[in-house]
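Q: I am new to this structure and would like to learn how to read it. Could you guide me through a few of its features?

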Amino acid sequence: MYRGHVLCCGGTGCTSSGSEAIINEMEAQLKANGLENEIKVIKTGCFGLCALGPIMVVYPEGAFYSRVKVEDVKEIVEEHLLKGRIVTRLLYQETVEDDGIKSLNEVDFYKKQHRVALRNCGVIDPENIDEYIEADGYKALGKVLTEMTREEVIDEVTKSGLRGRGGGGFPTGLKWKFAYNAKGDKKFVACNADEGDPGAFMDRSILEGDPHSVIEAMAIAAYAVGADQGYIYIRAEYPIAVKRLEIAIGQARAYGLLGKNIFGTDFSFDLELRLGAGAFVCGEETALMTSIEGKRGEPRPRPPFPANQGLWAKPTLLNNVETYANITQIINNGAEWFSSIGTEKSKGTKVFALGGKINNTGLVEIPMGTTLREIIEEIGGGIPDGKKFKAAQTGGPSGGCIPAALMDTPIDYDSLIQIGSMMGSGGLIVMDEDNCMVDIAKFFLEFTVDESCGKCAPCRIGTKRLLEILTKITDGKGTMEDIDRLEELAYTIKNSSLCGLGQTAPNPVLSTLRYFRDEYIAHVKDKTCPAGVCKALSRYVINREKCKGCSLCSRQCPVGAISGKIKEPFVIDSDKCIKCGACMEACKFGAIYKK
Amino acid sequence: MKSLADLEAIRQRAATDVNIRREHDGTRIVVGMATCGIAAGARPVMTAFVEEIGKRNLSDVSVVQTGCIGMCRLEPIVEVMRPGEEKVTYVKMTPEKARRVVSEHIVNGNIVAEYTIGNA
Ligand SMILES: Cc1cc2nc3c(=O)[nH]c(=O)nc-3n(C[C@H](O)[C@H](O)[C@H](O)COP(=O)(O)O)c2cc1C
């Protein structure tokens, strides 16, 4: 028995800010103080507050240390763990109160969250199956196999109202039913862990923090639809998640929770990983299955849908990681419990990866129906440096932006579609007044042009043309006709592309045109970029009043575009200027500004 | 694993270990671990508590430390807080006394009066 537990985040975020070294130092310091048999060190998955990483939580006190450095570890051990004096200086200051520390659940970041899919992330040791079992793990599988018929399982999932978390929002119970009804001697279940949206890391965090929850759910799904083999398709760029999945699968096999005759029944099921090479299109279901079969990951027309003809032309059930992570909770707590969370047509919770111009970058899980304003202002802690919120992008390259005027829209599948965006898989990128919306649209188009597989012409050629027009506009060479052409082409691509990649690729253009057309017009008509982002349209100018004539800027300028006499105002030659901004950074008097 | 009972057995085994990370209203044993406490032998006392609790699989008891309580001559000092009961302060503790406190007070609810501060 250990009297204290030190939980260190071993998710990708904290690992890249050095949590591994901190864990090693912690173990060394515990040894040095003879505490190694009293205090246990546990490497967990993501706590969510990635902006404050590396994170360390000490129990039983529940002390939440943030931005821990290797040098801090000695103090935490000698003061807190040895003498029982919490090192207040190193705590996440939101948890500090006059007479002690407050529980994490009362902190703004966590208060409005509801952790269902993330329930075990940052709580258990993902490499220890016993801890998962202690948290009621594999209980749902046991219940399903020994007490429920296949039909009852599907019924429960249907009644819960769960919809696919991979982006489409298709009712999960219905999908299970299709696979159940499909005729075939062999069926498969598969898990989509490709997660290709830039800035998204929900699925990675679930797999890093709680891999068994997905394994258990896949076994339940396999029982329900009549499969005996499963595949998890995960990108090779997620090495920590891959490693933890491998460990988890090994432990589940050792306990007989995967393999033959699970729980003494005649149900058998096993799982394998398939590593993807990181192509966005391989997240699309038909491309994903082609890739699992060992072929080039290209989509094909649907129907036939995977439920009837999937892997090796056999009926296959494909769900997203987060979709699966909800299943055991639905079985354990009942469909009614699950459907009591959320809105009328969007039940349960959704995990979002908060990124961009927001104070608390990280991972949040909110009940459906929470407003964007609550996420950004309360949970996310607002925009840094007192800047103004401009828009948020959901759904990544397939989604759209939500402007400030619509911040009170409840987040659910249908409301988001209505305002021209989409739920997507959970990337949520926040933009402030310094972001140019034309530039944002261009960023996503660059991504889709890169990621288009090239099989169908509308996507391969169309997105390229879209990007060319956008580039023309941001270069200050656009015309009003270009804006019309942009719109027309966008609809053509949407209507004629083979798969979801092309069908949704124009969305960022259409939604920025819808809400920020004035910015497009400013680029075209006034030849200015209101946010000052587009280089070709911005000019650096020296304020004659403020300039002291010190010549520092002209010495910094790499192209000799600045000239003047000492002690007299200098001037920038716009034709020579390459807009690198070095002069503005160098000026000690704030005399240079961007127009 | 052949049955739900097997699963439950594993769950029970892991329970004492993970419970410490949950917010619970169980018994708290607070050991004074400032310099004075450590000098007077508080560490072996705390270790004895931890071992005894582990041995008995008591999942609802946590052992935490605190700083100097201000009565250094009575160290090692241990406070026991059971839900719904008055705090009991034990003084001049030893590992043997700690084990007795666990079996009589924590498990059976009988305060070991002779070790309490009133009798020091
Ligand atoms: C271009 C493209 C990329 C996609 N990428 C992913 C992905 O990374 N992860 C995912 O779960 N679904 C992705 N999808 C959606 C899948 O095709 C599929 O709808 C989903 O995995 C089904 O699971 P669900 O019903 O549980 O959401 C993508 C779709 C398209 C068109």
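A: Let us begin with the meeting of the chains, where contact means heavy atoms within 4.5 Å. This is a predicted model, and on that reading the contact takes 44 residues from chain A and 31 residues from chain B.

Q: How many Å² are buried between chain B and chain A, and which residues of chain B supply the most?

A: The area buried between the two chains is about 3100 Å², with carbon and sulfur atoms giving 57% of that area. On the side of chain B, Ile20(B), Arg21(B) and Gln65(B) supply 23% of the area that this chain buries against chain A, more than any other three residues.

Q: How many salt bridges are there between chain B and chain A?

A: A salt bridge pairs a side-chain nitrogen of Lys or Arg with a carboxyl oxygen of Asp or Glu within 4 Å. Between chain B and chain A the count is three, and one of the salt bridges joins Glu131(A) to Arg21(B), whose closest N and O atoms are 2.8 Å apart.

Q: Which helix gives the largest share of the side of chain B that touches chain A?

A: That share, nine residues, comes from H1(B).

Q: Is helix H13 of chain A largely enclosed or open?

A: Buried means under 20% relative accessible area. Eleven of the 13 residues of H13(A), which spans residues 321-333, are buried, so this helix is largely enclosed by the rest of the structure. At its start, a side-chain oxygen of Asn320(A) reaches to within 2.8 Å of the backbone nitrogen of Glu322(A), and just after the helix Gly334(A) takes a positive phi of about 95°.

Conventions:
Residues are numbered from 1 along each chain as its sequence is written. Chains are lettered from A and ligands numbered from 1 in the order in which they are written. This is a predicted model: local features need pLDDT of at least 70, side-chain atom pairs count only at pLDDT 80 or more; totals for chains, interfaces and linings use all residues. Side-chain values use heavy atoms; hydrogens and water are left out. Buried means under 20% relative accessible area, exposed over 50%, partly exposed in between (1.4 Å probe, protein chains only). Helices (H or I, at least four residues) and strands (E, at least two) are DSSP runs, numbered from the N terminus. A polar contact is a pair of N or O atoms within 3.5 Å; within protein, one must be able to donate a hydrogen and the other to accept it, and residues adjacent in sequence count only if both atoms are side-chain atoms. Buried area is the accessible area (1.4 Å probe) that two parts lose on being put together, summed over both.
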